Amino acid sequence: MISIRNQLAQLVEGRLIDPGHIDKALALVGVYPSTESWQRFLDKLLLWLGCLSIAFSVLFFIAFNWELLGRFAKFAMVEALIIAAIATYWRLSDHPLMSKVALLMAAIFLGVLLALFGQTYQTGADPWQLFFTWAMLMLPWAAVGRFPAIWLLWLALLNTATVLYYDTFGRLFGVFYSSDESLYWTLFAFNVLALVIWELLASQWDWLDERWSLRFIATASGVIVTWLATQAIVDSNHTWGVLVWLAFTIGLYVFYRHFKHDLFMLSGAALSSITVIMVFLNSVLPISGGGTYLLFAITLIGLGSGAAVWLGRIHKEWSK
Amino acid sequence: MNDNKSAWHQLSQAGLVSGEAPEADELESPWYVNVILAFSGWFSSFFFLGFLGLAVEIFEKPVVAAIVGGIIIAGSYVLLNTPKRNVFLEHLALAFSLAGQLLIAWTIFEGFGKAEIAMLWFTIAAFQFALSMIMPNFIHGVMSSLFAALCLSVGLSFAGVSYLATSLMMAAAVLIWLHEFNHPQYINKKRASGYGLILASIVVKGFFIFGLDLRNWGGDVESSILVMPWVGELLLGVVTLYLVWKILQRLELSMTSPISIAAFAGTFVLSLASIEASGITVGWMIVLMGFANSNKVLMGLGVATLLFNISSYYYLLNNTLMEKAQTMLLIGLVLLTVRWLMRRLAREGQAAAHE
């Protein structure tokens with residue numbers, strides 16, 4: 001859909017409007033707002049800016065006095081925020097988006113509360129425990145909320161907890177080769193599992209069918225597995241990385257080309273393939289002066305244009 | 001497509017156009033496909049330029065660099081001049097052009113090193129400005145006007161009048177955006193320059209906020225009474241008032257209507273506030289310019305700038321947080337008062353109209 005603004009721009013560029021009438025035309029279709037529009041706009045803008053200023057003023061004030069606040073005052077403030085968010089969620093139940101955002105804010109404030117708890121009462125807990133506890137505690141809210149963003153936050157928390165666990169312990173159940181690699185394998189397995197489960201459930205429940213949440217998870221999985229594949233090529237120690245990457249890419253292609261049309265996933269697969277191929281080339285050819293660079297350039301030009309043409313063709317095919 | 005007809009429909013009903021509705025443009029690729037192509041284009045050109053750098057010794061003499069730079073830029077002009085948009089080639093050409101520009105900039109600094117440094121920066125700014133006019137590509141236009149404006153402000157810093165930079169750039173941006181649609185053959189170039197100038201203003205203002213005066217890029221320059229920081233804000237305030245005045249003129253409003261008074265009062269308050277929390281005026285201006293032309297991108301940029309500047313205000317060390325809290329509270333209360341006044345005057349105006 002082309003916006004009215006761009007439509008007018010095209011008409012003006014195509015000389016289809018008399019130069020003397022341009023201003024009138026713009027005012028007529030609303031590109032130049034009317035006085036009433038300006039009034040409404042200024043009204044809203046002044047309100048937002050005024051409230052934002054006051055909110056920042058309160059924030060600065062609290063920050064200035066933070067050291068002097070007693071621990072109960074701090075806890076009271078954070079808990080009040082959580083209660084306010086939940087109350088908003090309850091009161092605004094007929095505004096689906098605003099109530100869900102309120103629930104998301106409540107989940108975030110929960111994390112703030114846990115952090116404050118850990119900071120005030122030095123429990124000696126590990127960092128990963130904060131994120132893990134946060135994820136577990138917010139699970140009921142995620143289930144009730146039916147908001148993809150909250151589930152995305154939940155997945156992010158579990159990912160963070162895993163990374164921090166490896167920071168502390170260096171392994172998971174004592175399996176796999178080096179600790180770095182096994183971390184990536186675990187993360188990849190977890191995120192792919194999440195992706196598969198989410199896609200399966202999305203066909204059942206409409207509210208889960210949020211393309212951008214799925215794309216986010218797929219991007220995370222894709223980045224990890226591409227990294228694993230390139231590491232495998234560079235180290236030439238384990239070929240598992242390349243095989244799993246191949247399986248993942250083929251899986252992506254089959255599913256998102258034929259079952260669920262999603263050009264973003266295919267683009268990601270293309271980008272990942274280009275990266276792996278270039279790294280492979282780099283490991284196979286020696287760097288000998290400018291000639292190798294020229295070869296790289298030409299290969300990349302070919303791969304890039306090829307991907308463009310292929311994706312463009314699919315896009316046209318799906319738009320019919 | 002129906003949407004193109006709707007604007008046409010309204011216009012033809014009002015008698016401002018006649019004839020058949022024009023055809024809509026063809027299908028555009030989604031943004032993420034373009035991102036992939038852009039990356040591929042840039043990396044390909046890096047490899048190609050690496051090859052060039054190793055094969056031809058361009059840093060021997062400035063003349064060689066200038067010639068190679070010129071050839072590269074001419075080459076990218078040819079690539080960009082194709083009628084059908086090919087995103088990959090477009091970004092390939094953009095990267096080439098950037099390399100050519102760097103070569104030419106290097107030539108100017110190496111070859112004319114004895115000249116006054118401000119003049120060197122002005123020369124590069126002029127070169128970038130020429131490129132923004134010549135090159136037939138929107139992204140290139142934005143980049144070149146951005147660079148031109150930045151080089152201009154560096155030059156002004158070395159000439160001792162650094163605080164003029166933002167006001168000049170915003171003044172130019174205001175003129176361009178208020179007349180966005182008035183010259184049919186230059187619409188795209190105008191928009192590109194407009195965006196470039198706005199981005200440059202945001203960047204330069206950001207530098208000032210964090211104390212990175214562009215002057216410190218090379219020598220010390222004495223400051224005179226003409227270049228106190230508040231002079232810069234004052235000039236900017238003048239430009240903002242001009243913008244507000246032009247918009248009111250466009251709406252054919254009298255200067256004493258509630259909306260005009262609210263506009264001038266709000267502008268004045270925010271300009272004063274901007275002396276304390278720098279950058280608010282720039283953000284406010286961008287939002288106004290955006291709304292005046294229904295340009296959501298500009299409005300978004302303006303809002304982002306405002307939020308960024310208010311947030312970075314937190315970190316400035318000139319005042320204590322307590323004083324900052326008081327300033328923000330004052331600004332907030334005044335803005336809400338202006339809003340209340342505007343509504344009150346509007347209501348009285350309506351009541352008077354009914355009688």
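Here are some notes on how the two chains of this predicted model are built and how their parts meet.

1. Start with confidence, since this is a predicted model. The overall scores are ipTM 0.77 and pTM 0.75. For chain B, the mean pLDDT is 79, with 86% of the residues at 70 or more. Which helix of chain B has the lowest confidence, and which the highest? Helix H1 (residues 2-13) of chain B sits at the bottom with a mean of 64, while helix H11 (residues 280-292) of chain B comes out on top at 88. Keep an eye on residues 217-226 of chain B as well: the pLDDT there is below 50. Beyond near neighbours in sequence, that stretch has twelve contacts in the model.

2. Next, the domains. Chain B is assigned three pieces: domain 1 (29-114), domain 2 (116-215) and domain 3 (228-355). Chain A gets domain 1 (69-141) and domain 2 (170-320). Going by C-alpha atoms, the centres of domain 1 of chain A and domain 2 of chain A are 35 Å apart. For domain 2 of chain B and domain 3 of chain B, the distance between centres is 24 Å.

3. Now look at where domain 2 of chain B meets domain 3 of chain B. Here 19 residues of domain 2 of chain B touch 28 residues of domain 3 of chain B. Together the two domains bury about 2100 Å², and carbon and sulfur atoms account for 79% of that. How many salt bridges are there between these two domains? The count is zero. There are, however, four residue pairs in polar contact across this interface, with both residues at pLDDT 80 or more.

4. Stay with that interface and ask what domain 2 of chain B brings to it. Helix H7 (164-178) and helix H8 (187-209) of chain B each give at least two residues to the side facing domain 3 of chain B. H7(B) has the largest share, with ten residues. Sorted by class, this side of domain 2 of chain B holds 15 nonpolar, two polar and two charged residues.

5. The two chains meet as well. In this case 79 residues of chain B are in contact with 74 residues of chain A. The buried area between chain B and chain A is about 7000 Å², with 77% of it from carbon and sulfur atoms. Two salt bridges are counted between the chains. One pairing to find in the viewer is Arg339(B) with Asp43(A), whose side chains form a salt bridge at 3.2 Å, N to O. Between chain B and chain A there are also four residue pairs in polar contact, both residues being at pLDDT 80 or more.

6. Which helix gives the largest share of the side of chain B that touches chain A? That is helix H13 (residues 321-354) of chain B, with 16 residues. The side of chain B that touches chain A breaks down into 54 nonpolar, 16 polar and nine charged residues.

7. Finally, a salt bridge inside chain A. Over all chains the count is eleven salt bridges. Among them is Arg211(A) with Asp262(A), where the closest N and O atoms are 3.0 Å apart. Arg211(A) belongs to helix H9 (residues 211-235) of chain A, and Asp262(A) to the loop between helix H10 (240-259) and helix H11 (263-284) of chain A, so this pair ties together parts 51 residues apart in sequence.

Key. Residues numbered from 1 in each chain as written. Chains lettered and ligands numbered in written order. Heavy atoms only, no water. Domains from an automatic or database assignment. Contact = heavy atoms within 4.5 Å. Buried area = accessible area lost by both parts, 1.4 Å probe. Salt bridge = Lys/Arg side-chain N within 4 Å of Asp/Glu carboxyl O. Polar contact = N/O pair within 3.5 Å; in protein donor to acceptor, adjacent residues only side chain to side chain. Helix = DSSP H or I, 4+ residues; strand = E, 2+ residues; numbered from the N terminus. Nonpolar A, V, L, I, M, F, W, Y, C, P; charged D, E, K, R; others polar. pLDDT = per-residue confidence, 0-100.
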